[in-house]
Amino acid sequence: MTRLTAARRARELDALSSRTVDVLVVGGGATGCGIALDAASRGLSVALVEKDDLAHGTSRWSSKLVHGGLRYLATGDVGLAMESARERDVLLRVTAPHLVRALPMVAPLGRDLGRRDGALLAAAHRAGDGLRRLAGTPRAALPAPRRLSVAETVRLLPAVRRTDLRGALVGWDGQLEDDARLVVALARTAAAHGACVLTRVRALSTDGTCRDELTGATVRLRARAVVNATGAWADTLAPQTRLRPSKGVHVVLPAGVLGHPAAAMTVPVPGEPNRWVFALPHPDGIVHVGLTDDPLDGPLPEVPRAQDAEIAFLLDTLSRGLEVPLDRADVIGSFAGVRPLLAGAQGRTADLSRRHAVVRGGDDGAWTVLGGKLTTYRRMAQDAVDVLTDVPCRTAALPLLGAQGPVPRGLPPRLVRRYGSEAGEVAQLAAADPRLLAPVAPGVPVLGVELAWGVAAEGALTAEDLLERRTRLSLVDAWGAAARPAAEAALAGERAGRTR
Ligand SMILES: Cc1cc2nc3c(=O)[nH]c(=O)nc-3n(C[C@H](O)[C@H](O)[C@H](O)COP(=O)(O)OP(=O)(O)OC[C@H]3O[C@@H](n4cnc5c(N)ncnc54)[C@H](O)[C@@H]3O)c2cc1C
């Protein structure tokens with residue numbers, strides 16, 4: 001079992017001062033961790049530096065959808081749609097089946113989705129299903145799209161607006177349990193293949209000069225190749241790269257205000273073709289509602305925040321499809337992220353391609369990976385490492401930690417959902433203290449062992465790492481506040497264990 005710990009970080013950082021690695025990866029999001037895994041699994045020596053924590057950037061703020069590329073079909077980008085469908089298949093069936101499930105996406109037919117638009121959507125669903133077949137994804141993994149009756153629609157979406165309702169169209173896509181957990185699984189699997197994964201180490205340039213953010217010390221990491229995978233921040237290290245960042249906002253609602261939906265609900269944005277607002281049900285009784293897509297000008301914030309107008313847009317648009325409109329008081333959390341879109345195109349950021357590119361920078365010879373999306377992280381990593389070695393890529397057949405071996409029986413379902421084949425080891429942390437199998441605070445879904453595992457195996461160094469990224473407690477304001485003492489206690493316990 002591979003554990004990322006504070007002690008391992010210190011040891012590896014020290015050892016790197018006297019060796020040269022094949023590849024230095026900058027950025028600990030899905031792209032950077034995917035590159036570290038790809039390179040390490042091809043036999044290259046790898047160090048990854050992340051200025052903050054794993055999944056600190058955009059990778060934790062996604063809609064958590066593993067897209068089959070339906071919307072790229074609508075814009076005529078068949079190649080990108082096919083790539084998405086293939087990568088969805090790899091995630092669903094090989095690399096992370098424990099973290100990805102099939103999600104029904106239901107578009108009610110009625111006032112805002114008339115007969116003509118409904119016919120177009122049904123045709124898009126059929127084309128998307130064709131991509132599923134071409135990608136080799138079996139029906140058992142992603143069922144067929146079809147028309148739903150009014151009664152079926154109401155059963156799946158109890159809060160749907162009944163006036164004018166003519167049933168719905170349902171199509172299927174992949175949904176991640178948690179995007180940040182995918183990143184952590186990638187980082188640990190990379191470490192299992194020998195990569196050094198160093199959080200709180202900031203690259204100051206692409207020549208290997210870094211700063212240890214825990215001590216303030218400058219460290220020089222020597223590498224034969226450097227790959228800049230800093231997403232929306234890529235131009236801070238490679239000023240010649242051109243990005244067009246776009247901001248996306250979600251709000252979090254208690255599932256009860258939507259009648260505990262059993263499917264995602266999609267509502268068209270009036271007057272904007274091919275743009276939708278989604279209500280995505282998640283475990284633990286919450287629903288994420290997204291998504292805005294607006295250009296972000298000026299310096300990028302470290303952590304973007306949702307603005308009142310953006311929240312109002314989401315609530316108003318979704319309310320068009322509901323029997324009872326939503327209210328600002330229904331919102332229990334919100335989050336925002338910045339898409340690292342490729343520049344060079346005109347038009348709305350919502351129309352810009354989610355394609356990616358691997359480009360070589362100026363005089364320093366460093367490579368930069370630009371654009372893309374979470375679903376295609378593996379392909380982005382493959383393309384990045386292909387420029388460094390002739391050894392063939394292995395990652396399409398390489399299950400991540402958590403997807404290796406059978407999922408144990410008889411354990412709390414949320415551990416199985418979030419840790420897959422490692423759930424038994426996580427539960428084992430409660431052997432000496434059975435209280436760790438209870439929620440960390442009243443009304444909070446996370447169990448004590450999850451915080452303990454975050455510190456013992458997943459490289460969490462601060463309470464924020466535990467609350468914001470190893471668990472997603474901070475997505476609901478009240479959960480984050482209630483669980484903070486438990487997070488601090490988990491870290492203190494680990495530190496005491498280390499000094500004993
Ligand atoms: C609102 C929203 C919804 C989305 N929904 C989806 C979706 O449902 N499905 C999908 O497939 N995609 C989705 N995407 C796109 C997807 O989330 C991103 O394309 C992807 O997460 C980008 O990952 P990344 O690793 O390239 O960047 P990031 O996750 O941003 O990682 C870059 C990392 O680099 C670090 N870093 C920056 N500078 C330095 C430095 N100098 N030294 C060291 N480290 C540094 C940052 O701290 C950060 O952790 C969405 C994006 C947004 C914004």
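**Exercise 1. The second largest pocket**

Task: In this predicted model, determine how the residues lining the second largest pocket divide by class, and establish which elements supply them.

Solution. Step 1. Sorted by class, the lining of the second largest pocket holds nine nonpolar, four polar and six charged residues.

Step 2. The space in this second largest pocket is about 370 Å³. It is lined by 19 residues, of which W61, R305, S334, E468 and S474 are the closest to the centre.

Step 3. At least two lining residues of the second largest pocket come from each of β17, α14 (463–470) and α15 (477–499). Among these elements, α15 provides the largest share of the lining, four residues.

**Exercise 2. The ligand and its shell**

Task: Identify the residues that come nearest to the ligand, and state what share of the accessible area of the ligand the protein covers.

Solution. Step 1. Around the ligand there are 38 residues, and T31, E50, S59, L65 and T375 come nearest.

Step 2. Examine the polar side-chain atoms of three of these residues. For T31, such an atom lies 2.7 Å from an oxygen atom of the ligand. For E50, a polar side-chain atom is likewise 2.7 Å from a ligand oxygen atom. For T375, the distance from a polar side-chain atom to an oxygen atom of the ligand is again 2.7 Å. A polar contact requires a pair of N or O atoms within 3.5 Å.

Step 3. On its own, the ligand has 1000 Å² of accessible area, and the protein covers 96% of this.

Step 4. Two or more residues of the shell are given by each of α2 (30–41), β2 (46–50), β8 (201–203), β12 (246–254) and β17 (333–339).

Step 5. By class, the shell around the ligand consists of 14 nonpolar, 18 polar and six charged residues. The element β17 also supplies at least two residues to the lining of the second largest pocket.

**Exercise 3. The enclosed cavities**

Task: State how many cavities of 30 Å³ or more the model contains, and describe the lining of the largest cavity.

Solution. Step 1. The count of cavities of 30 Å³ or more is six.

Step 2. The volume of the largest cavity is about 180 Å³. Its lining comprises 18 residues, with D284, I286, R418, R472 and L475 the closest to the centre.

Step 3. Both β15 (286–290) and α11 (413–419) supply at least two residues of this lining. It is α11 that gives the most, with three residues.

Step 4. The lining of the largest cavity divides into seven nonpolar, three polar and eight charged residues.

**Exercise 4. The second largest cavity and D112**

Task: Describe the second largest cavity, and decide whether D112 is buried, partly exposed or exposed.

Solution. Step 1. The second largest cavity contains about 150 Å³ of space. Of the 15 residues lining this cavity, P108, R111, D112, R320 and G321 are the closest to its centre.

Step 2. The lining of the second largest cavity is made up of seven nonpolar, three polar and five charged residues.

Step 3. Locate D112: this residue lies in the loop between β4 (100–108) and α5 (115–135).

Step 4. Buried means under 20% relative accessible area and exposed means over 50%. Because the relative accessible area of D112 is 24%, D112 is partly exposed.

Step 5. For orientation, compare D112 with A187. The two residues are 75 residues apart in sequence, and their C-alpha atoms are 43 Å apart in space.

Definitions and conventions:
Residues are numbered from 1 along each chain as its sequence is written. This is a predicted model: local features need pLDDT of at least 70, side-chain atom pairs count only at pLDDT 80 or more; totals for chains, interfaces and linings use all residues. Side-chain values use heavy atoms; hydrogens and water are left out. On a 1 Å grid over the protein atoms alone, a cavity is a set of points where a 1.4 Å probe fits but cannot get out, and a pocket is an open set with protein on both sides within 12 Å along at least five of seven lines; lining residues have an atom within 4 Å of a point. Grid points are joined across faces, edges and corners, and a volume is the space filled by probe spheres set on the points. Ala, Val, Leu, Ile, Met, Phe, Trp, Tyr, Cys and Pro count as nonpolar, Asp, Glu, Lys and Arg as charged, and the others, Gly among them, as polar. A residue is near a molecule or strand if one of its heavy atoms lies within 4 Å of it. A polar contact is a pair of N or O atoms within 3.5 Å; within protein, one must be able to donate a hydrogen and the other to accept it, and residues adjacent in sequence count only if both atoms are side-chain atoms. Accessible areas come from the Shrake-Rupley method with a 1.4 Å probe; for residues, only the protein chains shown count as cover. Buried means under 20% relative accessible area, exposed over 50%, partly exposed in between (1.4 Å probe, protein chains only).
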